[in-house]
Amino acid sequence: HLMGTPFQKQTWDALCKIPYGKTRSYGQQAKNIGNPLSHRAVANANGMNRLAIIIPCHRIIRINGDIGGYGGGINRKKWLIEHEEKNR
């Protein structure tokens with residue numbers, strides 16, 4: 001049972017639609033939910049995701065390709081992205 005605002009739930013739903021082994025930028029994800037100027041709000045919603053393995057917030061990176069933040073730690077986020085890329 002997800003508990004969050006309608007915006008957070010919309011953001012989390014969009015995360016689930018990112019294919020395994022692929023990444024998106026915060027800006028791309030904001031556009032995907034129909035709110036292209038909300039990249040910071042998307043980042044905040046990702047940070048509030050309490051089901052990080054089920055709702056794959058690790059697939060969101062910075063527009064320049066940098067990893068960005070992750071509640072589980074940058075090393076874990078990097079490992080998850082690399083693992084998915086190798087095993088897709």
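User: Which residues is Gln-8 in contact with, leaving aside its neighbours within four places in sequence?

Analyst: Gln-8 is in contact with Ala-45 and Met-48, where contact means heavy atoms within 4.5 Å. The model is predicted, so local features need pLDDT of at least 70 and side-chain atom pairs count only at pLDDT 80 or more, while totals for chains, interfaces and linings use all residues. Residues are numbered from 1 along each chain as its sequence is written, and side-chain values use heavy atoms, with hydrogens and water left out.

User: Why is Gln-8 called buried?

Analyst: Gln-8 has a relative accessible area of 16%. Buried means under 20%, exposed over 50%, and partly exposed in between (1.4 Å probe, protein chains only). Gln-8 is therefore buried.

User: Where does Gln-8 lie, and what puts the buried residues of helix 1 on the same side?

Analyst: Gln-8 lies in helix 1, residues 6–16; helices (H or I, at least four residues) and strands (E, at least two) are DSSP runs, numbered from the N terminus. The buried residues of helix 1 are Gln-8, Thr-11, Trp-12, Ala-14 and Leu-15. They cover an arc of only 155° around the axis, which puts them on the same side of helix 1. The arc is that of the directions from the helix axis to the C-beta atoms. These buried residues pack against helix 2 (26–32), helix 3 (39–47) and strand 2 (60–61).

User: What makes Gln-29 count as buried, and which residues does Gln-29 touch, not counting those up to four places away in sequence?

Analyst: Gln-29, found in helix 2, has a relative accessible area of 0% and is therefore buried. Gln-29 touches Thr-11, Ala-14, Leu-15, Ile-18, Arg-24, Val-42 and Ile-60.

User: How many disulfides does the structure hold, and why is there no bond from the sulfur of Cys-57 to that of Cys-16?

Analyst: The structure holds zero disulfides. Cys-16 is in no disulfide, the nearest cysteine sulfur being that of Cys-57, 10.0 Å away. A disulfide is a pair of cysteine sulfur atoms within 2.5 Å, and the 10.0 Å from Cys-57 to Cys-16 is therefore too far for a bond.

User: Is Cys-57 buried or exposed, and why? What is Cys-16 called?

Analyst: Cys-57 has a relative accessible area of 8% and is therefore buried. Cys-16, at 43% relative accessibility, counts as partly exposed.

User: Why is Leu-2 called partly exposed?

Analyst: Leu-2, in the segment before helix 1, has a relative accessible area of 34% and is therefore partly exposed.
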